[in-house]
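This report describes selected helical features of a single chain, with attention to how helices pack against one another. Please keep the sequence and the coordinates at hand while reading.

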Amino acid sequence: MIILLTVAIAPGLALFSYFYLRDQFAGEPSKLLLQSFVYGAVLTFPILFVQYVFEAEGVFTNNFIQNVVFSSVIEEFFKWLVLLIAVYRHVDFEDPYDGILYGVSVSLGFATIENILYLLEFGLQTAFLRAFLPVSSHALFGVVMGYYFGKAKFSKSNTRKRWICWAIVSSVILHLSYNTSLYIYDNIVYGAIPFMLFLWWFGLRKAKQAHQLSLSHYNDQNSSGQSED
């Protein structure tokens, strides 16, 4: 059991560490990062419950709608809602790149619990594939969602709602595309793997853009401080 939990948790910690260490403005990890991870972990259970109820009641008669569209929308919606309610206005949200860290934390909280439940049912033989596909994909959906939250937080007030909307729209589109690649192609070499390569490129591009926004943010702060002096 200890080995299984370690294997299930390790990919999430590794991915979070990677994005955290890319933050050149980082100080001590804030309590909000841990809270965000916990929020994401707790979200797993109501999401799985809602998915189970909808499936048991036969709400959707089409498998594609049930397993691809609905699961993509509900998972990203709840993560977006947590970021909007619990993180967006928090004092520890200090620069645009922080949006990525909080987005990754929430997403990996969800992905880690989901991974534990999956490995408990199907065993350790699926661990490597799970780490490369579902856990990594959730982290990268969080990167993109967090990027737009960071952009909204530090943009002019008349554009904030647009970026907050983009946070959920972009992550749902990516999640929907990922699920579709698994649904259409039985062989992941033709579907999921090419999409994951694109997703890593896109996610790292957003991380780089967030760095530039944070750099501009702190430069503007320094300029303002010097002007006041």
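A crossing of two helices is called right-handed if the near helix is turned clockwise from the far one by less than a right angle, and left-handed if it is turned anticlockwise. In this predicted model, helix α1 passes α4 in a right-handed crossing. The two helices, α1 being residues 2-21, pack at an angle of about 170° with their axes 9 Å apart. Since angles over 145 degrees count as roughly antiparallel, α1 is therefore roughly antiparallel to α4.

Helix α4 itself covers residues 96-122, and its end C-alpha atoms lie 39 Å apart, which agrees with the 39 Å that its 27 residues should span at 1.5 Å a residue. Of those 27 residues, 22 are buried, so α4 is largely enclosed by the rest of the structure. At the start of α4, a side-chain oxygen of D95 comes to within 3.0 Å of the backbone nitrogen of Y97, while the residue that follows the helix, G123, has a positive phi, near 95°.

The unreviewed UniProt entry carries the annotation "transmembrane region" for several spans, namely residues 6-21, 33-52, 64-88, 100-120, 132-150 and 184-204. Two of these annotated spans are set out below with their computed helix and strand content.

| Span | Helix | Strand | Distance between end C-alpha atoms |
|---|---|---|---|
| Residues 64-88 | 96% | 0% | 33 Å |
| Residues 184-204 | 67% | 0% | 26 Å |

Definitions and conventions
Residues are numbered from 1 along each chain as its sequence is written. This is a predicted model: local features need pLDDT of at least 70, side-chain atom pairs count only at pLDDT 80 or more; totals for chains, interfaces and linings use all residues. Side-chain values use heavy atoms; hydrogens and water are left out. UniProt positions are given in the numbering used here, feature names are shortened, and annotations may be inferred rather than shown by experiment. Helices (H or I, at least four residues) and strands (E, at least two) are DSSP runs, numbered from the N terminus. The expected span of a helix is 1.5 Å times one less than its number of residues. Buried means under 20% relative accessible area, exposed over 50%, partly exposed in between (1.4 Å probe, protein chains only). A polar contact is a pair of N or O atoms within 3.5 Å; within protein, one must be able to donate a hydrogen and the other to accept it, and residues adjacent in sequence count only if both atoms are side-chain atoms. Axes are lines fitted to C-alpha atoms, for helices over the stretch in contact, and angles run from 0 to 180 degrees between N-to-C directions. Angles under 35 degrees count as roughly parallel, over 145 as roughly antiparallel, 65 to 115 as roughly perpendicular and the rest as oblique.
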